[in-house]
Amino acid sequence: MSSIEQRPRRRAPWVFAALAALLAFLPLVAGPYPQTIARSVLTYMMLAISWDMLIRSGQLSFGIAGFFGLGGYAAAIGATYLGVPPVLTLVFAAVVVGVVALLIGAVVLRLRGMYFAIVTLALAEIFRIVMHNWSSLTGGPNGMLLPRSAFDGNSVATYLMMLVLAAVVIGVSEWFRHSRIHFALTAIRDNETVAASAGVNIYAYLLTAFAITSGIQGAVGASYAQLFGFVTPESSFNVNYTLIPLAMTLLGGMYGTWGPVVGAVLLGVVGEYLKLFIPYGHLLVYGVIIVLVILFMPRGIVGLVRGHLERSRRTTTASEKGGAA
Amino acid sequence: MTGFKRLQVALSVAAGIAVVALFLWRPTAVVYGLQRAGLYASIALPMALVLGIVHIVNLAHGEMMMVAAYLSYAAARALGIDPLLALVPTTIVMFIVGIVLYRLTISRTVDGPELNQLILTFGIAMVLGQAVNMIATSQPRKISLDYVSASATVGDVSFGVYDFVFVALAAASLAGLYLFLKKTRLGQAATAVGQNPRGARIVGIDVQRTYTIVFAISAALLGIVGTFFMTKFSIFPTVGGSYTMRSFSLVAMAGIGNLPMIVVSSVILGVSEAAIQAVPHGGGWSPLVFFGLIILAIMIRSFRGGRA
Amino acid sequence: MRSRTLLAVALVLVAGMAFANGAQEGAAEPIRMGGVWPLGDITGEQGSKSAQLAVDELNANGGILGRPVELVVIDSEFSPDKGAAAIERLATIENVDFFIGGMSSGVHLGQIPALKRYRKITMWTGAASHLAEEAIGPDQDWYFHLHPWDYNQGASYVEGWTAIAERYPDIAIDRWFLAYEEGAFGSASFEATQQLFSDMEISGESFQSAAAGGGDYTAVLERAKEYDPDVFIWAGYDADALPIMEQARAIDFAPPLFVGAPPGWPASFGESGLAEGVTLYGMWAPSLNSVSDVSAHYYQSYVSTYDEEPATYFAPLGYTAVMILAQAVEAAGSMDQDAIIAELQNIEYDSALGETISFAPSRVISNQGIRQQKILQWQGGEQQVLWPFEFATSEPEYPFPSWDR
Amino acid sequence: MKGLQTEALTIRFGGLTAVDGVDFSLTPGEIVGIIGPNGAGKTTLINLLAGIYAPTSGRVVFDGEDITAVPAHRRAALGIGRTFQLIHPLEDLTLVENVMTGFLFAGRRSLRAAREAAAALCRDLGLGGLNRSTGELNILETKKMEIAKALAVEPSVLFLDEVMAGLNSTETLDVIRMVREIAAHRNLGIGVVEHVMGVIKELTERVVVLDGGRLIAAGPYSEVSQDPRVVSAYLGGSV
């Protein structure tokens, strides 16, 4: 029985990797416009993956936009006042935001569910308000320009930069999936008391996951600042950076790397194409699509595919066992 | 549990003292703070009801209020009547909208992962906002009404009194919901469902029907709030969004399922905001006070009450 | 099963990209303009519709250089990345010859790197922030900015008010109070005013605009009332307009000059009795029809085509952007970019906004168009122009009437 | 001193004293019954010993060291294992992965080593179909998985909280045999909470009786069951 279920699993990653590589390199030959779209898709994809990595522990964050915006500001401030070179601002922002998240997480990770969610949302607002009011450092409501952007804005080079960053994020997410972290986070999500009784240090794992995912969000925010060369409180902390990755993850499917990936590609590309056909009112159709997918694919697209696989597997095993249960 | 009660009492007393102190320093700040608290509470109460009983974070909450506001606006415009006369038809229409929305969409997500309801209501919010945008454009609308500028003068200080309708509305909503939940069979059933849906099902309560009605009541309340809202504020397709977040924050601050605490939290936030705005150049920091207080309240509760 | 689904997804995507590339064929003949606006917003909606109106007019008269004109409009969705993607698409897939459009500075900042890559002639109708000007930088001869920068606007107010105070000695403008929304728009106005009116008494206070979830102005209004200014200005959005008046009335605050400086006004503001005597800044109002034939012509065709009034000055700006380009190309006699730029730099275009537009360097960029906002006043439900005097359609109503009118 | 001892262990929830001055001990190799009417504080006591709750007062000593302030996950690593009265499988993990968690975290083993150890342990307990989801297990398998999870922390003391509940008589005998084997082969101290007195009688050398959070009797089952306080506690509970 176990050989039946093992075989497709072995083959799938190869097919997937080949397809992913194909898709990833397609924009390189397709020209600047697809590259722009792909950069935007990768941006949301990384945010979606990082959000998913934390929800694997059961902790619902509404603070993506906060760490994203903070990362953008860290990059801009680092580049302006400390002379951090463009590409290194990504690392700089990841570290700064990761440390901020570590300090905040140490206090707020005792919260659960709705309360944790609302505190992350409130924190995102507080980051925005501080950046907004701290005019001497951040340029206040007007925001600030970056002194120099990565690769001078070269379309291919910046796309490759985003691709590398996305590969790193996917790598970290897969590491989460295939290491002891996976067992720790899943156990915490399913039942904290059981997890603790199995020796899982809940606080340490939550703190690690929170700091790493926030750091990723910070790096993505920095990459965004590099792509467009500026940060402002209103655009950098836009609540869409929280809501859209969330929607993408749920559409693609939670608790894995590939759900967010599929969701981001689908919503990103669909959103861009829709507006070419329906210039006035495409967002209405976008909303309708979200509603319909949630209604008819409650476990997301990857979940739907998995469900099919599992059902077919179950029917095979059931016929083999001859209804032993 | 008692720690939590004590905290509630302490918070209420602290709020009271702060209000008195502020009144002595700047009386109008208290007036405006209370008025603002009334607005916050009257919008947050329907969300608290849905969150406490149906256990849904309705991200379309503000958009539903926005739709209600546009309904009343359209009625007032088309019929040339005072928008407040549209209160009853709007409320009825919103009740029906609530039933339809619940039956058609939310009820179908009950079996899926919990977060799906969140994204579903996010999608609904988007659809409502965009639909109104297409029909009415993004241009703000506001009917000029004389009574909105009604003012009172005490000594040499003039201040607006119309906003006390929100205080009255919040009080009426709270009282109405309290009576509904404690004194009516349906309300008691709803409370039971809210505390333990499985248990309620076992004792023969139609859970889906209860959810539908609770959601519809919340929508109807938003019909009332939306109508009053549009008399005072400009309306535009995105006007509701910030009130969704604000209501959600208030509900979390009050503790899920705790309706009276919503009012206390609203007073704390409303008066604090008015207080900081009364300080010259304090306005820019007033959202910081709002979110800071919410985090503070949630953290204090978590340390006092432990994890729920 | 799973890989087949994935394959299908991949195929759809590949097909989609191929389709996108295919669209560029056969685009050589017409002259193509690419426009980017926030279409969900009234400014972008009416701006893009007005640009289309201009294109239709050009085509009805035989196009430009005998070639038909096409306008491709893409929604910026008020987002920098969507706005930038729109530029990329217009440049590479739609192969447009010109970029037009624009509203918010934040979106424009995101588009500037892409614009600078393609260096096509750009006629921008929005983005007032000086940060956008810095991002464009000097020596970009292809970039034409129609909308005044924030500091241009500030300077024009100084000029306008000084001129008004000179002509009407009753009008006092020594003590100012500025209520500004706390976002980039309002704060920039406040900072600019503080610098420019440095020899006058100025105080100010920020408020949260209704557009950003606020809507309670009583604290600011109370402070303004205590300050007792000659001129009270609020810099917010259209959603703030009527509630500010109502709340000012509730606390009985009626300064001699009550000025509103939103980018647009709400529907039917003029119908309110509270509007009477409110002064405002703007670039265009239907009352200009009486002093400008271009304005009258534009207004009538807009109303007859779309069955609504232009409600914002971004609407005539969209029309203007297309028409200026058309005039320059005709004058250049070819689509040679250098020739067109040379023509644009010497152009004198009589616009629907009243003024004759020509381009000259501003602080940083080479080609700045309009440098003035006008001072107008709500009178009898309509916006009348007070200043510049050459476009004046009415005399100022002064002082602002008291609330027990 | 080996094993687990408590001194005057007490916890209050608001006004309710759920465990009240309990002195309890469990040494490796013995099986102790923990009995008492519903609400007597049995599960609360286990939660205190496992570190899920922090006591209001009193001490917990393990292998001679005061572990009162040691958190739950470290107690698991020290060697305190327990099952749950209400069964909580980690439903997003398979059977073998459920069992792995203890080896992984309390035992600090590598993924591969943990998986091998978990598979071996399951085999020992007669559990097959290791990659099944927990939803596919029958009740006996579920109970065995719970015991396997508790054993995976490689405990020296183990608490079984009503593991027999819901099993039929054959299955109960199966589990009793299993518990005996575990005690014999692994030299564990086992604390058994059970409502079925037959099981207690069968399994344990001595029992402690809780009522209203207090320890009211201790000794061999045959003696304790005759104790009038115990009898009245049970009768009082049912009247």
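Author: In this predicted model, contact means heavy atoms within 4.5 Å. By that criterion, nine residues of domain 1 of chain C are in contact with seven residues of domain 2 of chain C.

Reader: What makes these two parts of chain C domains, and where do they run?

Author: Their bounds come from an automatic or database domain assignment. That assignment gives domain 1 as 17-148 + 291-357 and domain 2 as 151-282 + 374-391. The C-alpha centres of the two domains of chain C lie 30 Å apart.

Reader: How much area do domain 1 and domain 2 of chain C bury between them?

Author: About 850 Å² is buried between the two domains of chain C, with 57% of it on carbon and sulfur atoms. Buried area is summed over both parts, so the figure of about 850 Å² covers the two domains together. On the side of domain 1 of chain C, the residues losing the most area to domain 2 are Pro148(C), Val291(C) and Tyr313(C), which together account for 40% of what that side buries.

Reader: Why is the set that includes Met123(C), Leu344(C) and Ile190(D) called a nonpolar core?

Author: The term requires buried residues of nonpolar types, Met, Leu and Ile among them, joined through side-chain atoms within 4.5 Å. Met123(C), Leu344(C) and Ile190(D) belong to the largest such set, of 362 residues, and have the most contacts inside it; they therefore count as buried, that is, under 20% relative accessible area. Helix α2 (residues 32-55) of chain A gives the largest share of this core, 15 residues. At least three residues come from each of domain 1 and domain 2 of chain C.

Reader: Which residues does Met123(C) touch?

Author: Leaving aside residues up to four places away in sequence, Met123(C) touches residues including Phe99(C), Phe144(C), Leu325(C), Leu344(C) and Phe359(C).

Reader: What makes β7 and β15 of chain C edge strands?

Author: Each of them pairs on one side only. They belong to an open, mixed sheet of seven strands in chain C, in the order β7-β6-β8-β9-β10-β14-β15. The twist averages 25° from one strand to the next.

Reader: How do you know that β14 and β15 of chain C are paired?

Author: Pairing requires at least two bridges. Five bridges join β14 (residues 374-379) of chain C to β15(C), so the two strands pair, and they run antiparallel. Gln379(C) stands opposite Glu382(C) in β15(C).

Reader: Which helix lies across β14 and β15 of chain C?

Author: Helix α6 (residues 150-167) of chain C does so, running at about 80° to β15(C). This helix also lies across β6, β9 and β10 of chain C.

Conventions:
Residues numbered from 1 in each chain as written. Chains lettered and ligands numbered in written order. Predicted model: local features only at pLDDT ≥ 70, side-chain atom pairs only at ≥ 80, totals over all residues. Heavy atoms only, no water. Buried < 20%, exposed > 50% of the residue type's maximum accessible area, 1.4 Å probe, protein only. Helix = DSSP H or I, 4+ residues; strand = E, 2+ residues; numbered from the N terminus. Axes fitted to C-alpha atoms, helices over the stretch in contact; angles between N-to-C directions. Buried area = accessible area lost by both parts, 1.4 Å probe.
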